[in-house]
2 protein chains.
Amino acid sequence: MTQELFAKYSFLLDRTARKVKQYAQHQFKTGEFDVTVDQWLVLKNLSENELLSQTELANLVFKDHPTLTRIIDLLCKKGYVERVPHPQDRRSFQLLLTESGSAKVSALKPKILEIREKAWENLTTRDFEEFKRILDTIYQNLDCQIGEE
Amino acid sequence: MTQELFAKYSFLLDRTARKVKQYAQHQFKTGEFDVTVDQWLVLKNLSENELLSQTELANLVFKDHPTLTRIIDLLCKKGYVERVPHPQDRRSFQLLLTESGSAKVSALKPKILEIREKAWENLTTRDFEEFKRILDTIYQNLDCQIGEE
DNA sequence: TACCAATAGTTAGTATGACAAATATAAAAA
DNA sequence: TTTTTATATTTGTCATACTAACTATTGGTA
């Protein structure tokens with residue numbers, strides 16, 4: 001039975017995901033990027049889609065609402081993002097990159113692509129396709145299962 | 001240039017790793033396992049290697065020392081693990097599973113293998129080999145890079 | 001012996017992640 | 001119109017991750 005073997009995927013996955021984040025975070029720090037890896041993900045998505053609500057953004061980046069609230073708090077404090085009251089719905093905000101935020105995204109984008117490339121040394125486009133297929137399959141297998149007992 | 005494409009691996013990886021942990025944690029909670037996913041990883045490794053020091057265990061599970069200190073604190077509080085003073089080195093401890101800890105490992109092991117299988121539906125042994133190869137390559141590419149600027 | 005660098009572990013601070021519960025507002029139903 | 005239900009966001013709590021700094025101890029060396 002290969003049950004035991006398969007069971008290791010969770011360990012390998014977790015270990016590698018942490019390493020990837022750790023490596024990037026270290027480069028971010030060395031380069032004085034002034035944002036964390038997760039804050040960058042949020043900034044990048046805001047630069048590609050303006051006037052999102054927090055809920056819309058949360059769905060894009062796959063983070064839950066409390067986490068996103070806190071990340072946005074920090075980005076606002078740093079002056080990269082603003083919460084603009086939604087004109088029709090007083091419960092929600094429209095998120096806006098400030099000038100400083102836009103400048104930050106432009107400045108960091110190429111550097112971050114370069115950092116991200118490092119992990120992919122010795123791997124091919126085909127590897128990427130396989131990797132993506134497997135990750136997506138795992139995600140699908142586990143998604144929406146919570147709630148049915 | 002496929003740079004932008006490759007850059008997505010970090011997002012996919014992080015997203016999937018979180019989903020895997022979240023799914024398992026939910027099952028742990030439903031089954032009243034009384035441990036978290038990370039606590040389980042530590043317990044399992046202790047059951048396979050007794051009398052480890054915290055440093056040795058940290059290397060096995062790829063967690064840093066402060067994180068491990070806290071996980072072990074919690075496992076001690078729950079009565080599953082004991083810190084025994086090292087006979088030759090008063091700085092360090094030997095970690096020991098209690099009877100209750102051993103019983104917990106035996107009880108949970110089969111249930112957790114079952115939970116872990118869910119993610120692997122629609123995927124093959126060959127997929128697993130590919131997956132492992134790619135994850136390990138990424139890990140190697142980024143390991144030991146921290147420190148050289 | 002006295003100093004000093006290395007090692008084992010802990011503590012503190014900040015960020016993220018998950019979950020539950022609370023608040024405010026909006027929309028639907030009675 | 002009042003009540004109910006749903007939605008958007010925030011707050012609180014606990015666990016994990018990473019960094020830096022700290023304590024205690026060990027081992028080497030002058």
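Me: What kinds of residues make up the surface near DNA strand D: how many are nonpolar, polar or charged?

Reply: In this predicted model, the residues of that surface divide into 13 charged, 11 polar and 5 nonpolar.

Me: And which of them come nearest to the strand?

Reply: Of the 29 residues around DNA strand D, the ones that come nearest are A:Thr55, A:Arg70, A:Arg91, A:Ser92 and B:Thr36.

Me: Which part of the DNA is by the protein, sugar and phosphate or bases?

Reply: Among the atoms of DNA strand D within 4 Å of the protein, 65% belong to sugar or phosphate, while the rest belong to bases.

Me: Where do phosphate oxygens meet A:Thr55 and B:Thr36?

Reply: For A:Thr55, a backbone N or O atom lies 2.7 Å from a phosphate oxygen of DNA strand D, whereas for B:Thr36 a polar side-chain atom lies 2.5 Å from a phosphate oxygen of that strand. There is also B:Arg90, with a polar backbone atom 3.1 Å from a phosphate oxygen of DNA strand D.

Me: Which elements give two or more residues to that surface?

Reply: Chain A provides helix 2 (9-30), helix 4 (54-61) and helix 5 (65-77), together with helix 3 (37-48) and helix 5 (65-77) of chain B. The largest share, 5 residues, comes from helix 5 of chain B.

Me: Switching topic, how can chain B be laid on chain A?

Reply: A turn of 179° and a shift of 0.0 Å along the axis lays chain B on chain A with an RMSD of 0.1 Å, which is the relation of a two-fold axis.

Me: And through what surface do the copies meet?

Reply: They meet through the same surface, because 100% of the interface residues of chain B are also interface residues in chain A.

Conventions. Residues numbered from 1 in each chain as written. Chains lettered and ligands numbered in written order. Predicted model: local features only at pLDDT ≥ 70, side-chain atom pairs only at ≥ 80, totals over all residues. Heavy atoms only, no water. Near = heavy atom within 4 Å. Polar contact = N/O pair within 3.5 Å; in protein donor to acceptor, adjacent residues only side chain to side chain. Helix = DSSP H or I, 4+ residues; strand = E, 2+ residues; numbered from the N terminus. Nonpolar A, V, L, I, M, F, W, Y, C, P; charged D, E, K, R; others polar. Least-squares fit on C-alpha atoms with pLDDT ≥ 70 in both. Contact = heavy atoms within 4.5 Å.
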